[in-house]
Amino acid sequence: MARFFWKDPKMAFWSSLLKWLIIGTLLVIFPWTIPIAALYLIVKSGIFRKILSRLQELWRKGRIFDRISDWKARSCKSLKKESVALDYYLPSSESPYVILVRGAGFVCVSSFSIKDRSRSPETYKMAVSEVLKALGGGGRTISFVGIVTDEGDFLNSMQIASKHGPSIKAEFERAGIEQMELLNIARTVIASTSPTAGVEIHRGKDIILRPMVIP
């Protein structure tokens, strides 16, 4: 047989008030327990769970690593010269852009791959189209290279090359910051095309090793 219980609101109020009076008295008598009580309330409120969930979401998207690398690139005040097929400069090995000197000016180059968990050709087409609309024009050249492997995987590289000048340190720093802002725009645009779409930003030497179109 089912039993039903009805709780008097007034009794619940006084019971709750009595509980908090007891807790308050204990905190006054034993002040060293205040941090423990505060920690208990924070845990009970679910804040830690929300923070952990957010960190897990950022980790899945690779954003934590990206943000740390971008911070390193922003805070670095000098460029290192490297060489593969051609000479290039970058602030760190994890930099999301490289500098190519061209006469009195220079070109700032970044690249990334579009990732789509659904492997939908339409999603890739839409993502490329939206990036071209958002970032094309001005002194920038946007290029795209993509191939389908025998296993059905779609390998692609989308490049952003921006012309700048003159070749001085202050301009290098400004161009690098602008390039990272362009990458964030591309990331946002691609994510908006489909819930399964995202980007993998290439860094350091990997940018040079991808197919390049230098304006």
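**Questions about a buried arginine, an aromatic cluster and a cysteine**

Trainee: Does Arg203 count as buried or exposed?
Mentor: In this predicted model, the relative accessibility of Arg203 is 6%. Since buried means under 20% relative accessible area, Arg203 counts as buried.

Trainee: Which residue has its backbone oxygen 3.0 Å from a polar atom of the side chain of Arg203?
Mentor: Arg203 itself belongs to the loop that runs between strand 7 (197–201) and helix 7 (205–209). A polar contact needs a pair of N or O atoms within 3.5 Å, and at 3.0 Å a polar atom of the Arg203 side chain has as its partner the backbone oxygen of Glu94.

Trainee: What is the angle between the planes of Tyr124 and Phe154, which form an aromatic pair?
Mentor: The structure holds 3 aromatic pairs. In the one formed by Tyr124 and Phe154, the rings lie 4.6 Å apart, centre to centre, and the pair is tilted, with an angle between the planes of 55°.

Trainee: How many residues apart are the two members of that pair, Tyr124 and Phe154?
Mentor: Tyr124 is part of helix 5 (residues 121–135), while Phe154 is part of strand 6 (residues 154–164). The pair therefore links distant parts of the chain, and the separation is 30 residues.

Trainee: Is Tyr124 buried or exposed?
Mentor: The limit for a buried residue is under 20% relative accessible area. Tyr124 has a relative accessible area of 10%, so Tyr124 is buried.

Trainee: Which residue forms one aromatic cluster together with Tyr124 and Phe154?
Mentor: Phe154, which counts as partly exposed at 23% relative accessibility, also takes part in a tilted pair with Phe144, at 6.4 Å centre to centre and 35° between the planes. This pair links strand 5 (residues 140–148), which holds Phe144, to strand 6, which holds Phe154. The residue that completes the one aromatic cluster with Tyr124 and Phe154 is Phe144.

Trainee: What is the relative accessible area of Cys108?
Mentor: Cys108 is located in strand 4. Leaving aside its neighbours within four places in sequence, Cys108 is in contact with a set of residues, among them Tyr97, Ile99, Ile160 and Gln179. Cys108 is buried, and its relative accessible area is 0%.

Trainee: How far apart in space are Cys108 and Val98, C-alpha to C-alpha?
Mentor: Val98 is one of the residues in contact with Cys108 once neighbours within four places in sequence are left aside. Although the two are 10 residues apart in sequence, their distance in space, C-alpha to C-alpha, is 5.8 Å.

Key. Residues numbered from 1 in each chain as written. Predicted model: local features only at pLDDT ≥ 70, side-chain atom pairs only at ≥ 80, totals over all residues. Heavy atoms only, no water. Helix = DSSP H or I, 4+ residues; strand = E, 2+ residues; numbered from the N terminus. Buried < 20%, exposed > 50% of the residue type's maximum accessible area, 1.4 Å probe, protein only. Polar contact = N/O pair within 3.5 Å; in protein donor to acceptor, adjacent residues only side chain to side chain. Phe/Tyr/Trp six-rings, centres within 6.5 Å; stacked < 30°, edge-to-face > 60°. Contact = heavy atoms within 4.5 Å.
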